[in-house]
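Me: Hi! I'd like to talk through a structure with you before I head back to the bench. Can you take a look with me?

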Amino acid sequence: MEYVVLSNPSGDPIDVSGDVRKSAHELEWHSVENDGEGNWRYALKRTREAAAACLAVGILANILVAIPLTTELVAPAHAQVIPKSLEQGGTNAALRERRNAWTVGVAGGQLSGTYMTLADELAQVLDDGDNLRVVPIVTYGAASNLDDLLYLRQVDVVMAQSDVFEYFRTQRKTPHLEQRIHYIIRLPVSEMHVLAGADIKSIEDLRGKKVSFGPAGSASSLTGTIVFQRLGVKVEQVLLDNPTALEKLKSGELAALVRVIGKPVGFFAQIPPNSGLHLVPIPFSKIFTDHYTLGEFSSQEYPTLVPQGEKIDTIAVPAVLAVFNWPKNTVRYRRVQRFTEALFTKWDKFLEPHRHPKWRDVNLAATVPGWTRWSVAEEMLNRTQTYPRVAEFQQKDPRAGEYQDRSVMDLTQEQRDALFRDFLRWRDKRGAAQR
């Protein structure tokens, strides 16, 4: 089928007379050019017929325009619109510059982890077209994120743990780490999950057995290793991805798997009832008072792994939103500055009910011993009192309790022992009140 497009030199959507004249003229010229005189009359007849047809089209257009807009012949008033960001044009160089000018890369963690969910929600809340774009990055995990922040291109902000920082400082001896890496806010703690079969009642029962600590670079590959070393429990360590480890645990090839991740997480919550698996308790003791805090799991969080109405103690590690301390007024500095300012000014949006519950455990003013808060974050923190919902929330104690803020990494052993005794009294008092 052929389609004819009628031009409209007058600009009037109803006026097609120009098309009629043009079509007739073009057809007449073509006929005279190519036919002999014997066919001239026939060509003229065809020209008149074409002109009449075009005129009929013009009349039909007038009729259609006159039809009320409520009929189905007229396009809907609210047609679908292509996003403005996709309509923008320009040279390749201009497009590349615009896309990269205010783009911030945020290293979250493994795709199934809590940190990756938080990174995704950072993008959802903070994205502002060309003014600010946040790109969540799937990584090996929180333990390797600090490495990425130091050395990997296009990584501007990462989620890392306080014990990872200490490991880089004391074991890897990364030069000038305290000056190079700062933090924006302290994130909620990540709990250490040890999943095992019914025959494993305690961490001690895992001695000499095969245990997966997650992929190399994950939080559990570092924090889990440190915790087992401090407890003096030597196991046969393997580094498997978590789905594979779960299958091997079910088949009996593994005695347990370890994940250090913010609760609740679907990986554990979706384990079916009567699986024969449960979460192994890790009692908190003074050997953990330098970098760690008390955590617990409830039957509300993991109904198929924790008996109804009970709680299971565990170890938790504080985390941070870390940033490289770029020199002021550099391109990278300005990008993260805009990201940080947006994070504080839009903080109330992270507290909305549909966001991950871990955001409501964040205290913007909380400090992290051994770390330095980034200067821009410090400035924004001083302004949060102008945002009533943020200020109101910060007056509330986070769910994890006061002992998160009382990390004693820089205290003497005597002070640590005294604080631990205070903690035991606090825990006993809380337990009595709950009973």
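Reply: Happy to. One term first: contact, or touching, means heavy atoms within 4.5 Å. Also keep in mind that this is a predicted model.

Me: Good to know. Which residues have the most contacts inside the largest nonpolar core?

Reply: Those are Ile184 and Phe339, and the core they belong to has 84 residues.

Me: And what does isoleucine 184 touch, leaving out residues up to four places away in sequence?

Reply: Isoleucine 184 touches Val157, Leu321, Val323, Val336, Phe339, Thr340, Leu343, Phe344, Arg373 and Ala377. There is also a second, separate core of 19 residues, which includes Leu246, Leu257, Tyr302 and Val306. As background, nonpolar side chains in soluble globular proteins tend to be buried together.

Me: Let's zoom out. How many helices and strands does the protein have?

Reply: The protein has 16 helices and 10 strands. Of its 435 residues, 44% count as buried. The exposed surface of the protein is about 23600 Å², with carbon and sulfur atoms supplying 54% of it.

Me: What share of the contacts with a separation of 6 or more comes from residues 24 or more positions apart?

Reply: That share is 74%.

Me: Now the strands. In which sense do E1 and E2 pair?

Reply: Strand E1, residues 103-107, pairs with E2 in the parallel sense, over 5 bridges. For one of the partners, look at valine 104: its bridge partner in E2 is valine 134. Between E1 and E2 the chain passes through helix H5, residues 114-126, and this β-α-β crossover is right-handed.

Me: What comes after E2? I noticed glycine 141; where is it found?

Reply: Glycine 141 sits in the loop between strand E2 (133-137) and helix H6 (142-151).

Me: Is glycine 141 buried or exposed?

Reply: Buried: its relative accessible area is 3%, and the cut-off for buried is under 20%. Not counting residues up to four places away in sequence, glycine 141 touches Gly109, Gln110, Gly217 and Ser218. The C-alpha atom of glycine 141 is 8.8 Å from that of methionine 159, which is 18 residues apart from it along the chain.

Me: Helix H9 caught my eye too. Why would you call it largely enclosed by the rest of the structure?

Reply: Because 10 of the 13 residues of H9 are buried. Among them are Leu222, Ile226, Val227 and Phe228. H9 covers residues 219-231 and reaches 18 Å from its first C-alpha to its last, close to the 18 Å expected at 1.5 Å a residue. Just after H9, glycine 232 has a positive phi of about 75 degrees.

Me: Switching to backbone oddities: which residues have a positive phi although they are not glycines?

Reply: Histidine 176 is one, with a phi of about 55 degrees. Asparagine 329 is another, with a phi of about 70 degrees.

Me: Where are they found?

Reply: Histidine 176 is in the loop between helix H7 (162-170) and helix H8 (177-180). Asparagine 329 is in the loop between strand E10 (311-324) and helix H12 (331-345). Histidine 176 counts as exposed at 58% relative accessibility, and asparagine 329 counts as exposed at 60%.

Me: Last one: what kind of peptide bond joins lysine 263 and proline 264?

Reply: A cis peptide bond, with omega about -15 degrees. You'll find proline 264 in the loop between strand E7 (256-261) and helix H11 (266-269).

Terms used:
Residues numbered from 1 in each chain as written. Predicted model: local features only at pLDDT ≥ 70, side-chain atom pairs only at ≥ 80, totals over all residues. Heavy atoms only, no water. Helix = DSSP H or I, 4+ residues; strand = E, 2+ residues; numbered from the N terminus. Buried < 20%, exposed > 50% of the residue type's maximum accessible area, 1.4 Å probe, protein only. Areas by Shrake-Rupley, 256 points an atom, 1.4 Å probe, with all protein chains shown as cover. Expected span 1.5 Å × (residues − 1). Core = buried A, V, L, I, M, F, W, Y, C linked by side-chain atoms within 4.5 Å. Pairing = 2+ DSSP bridges. Right-handed = clockwise from strand over helix to strand, strands pointing away.
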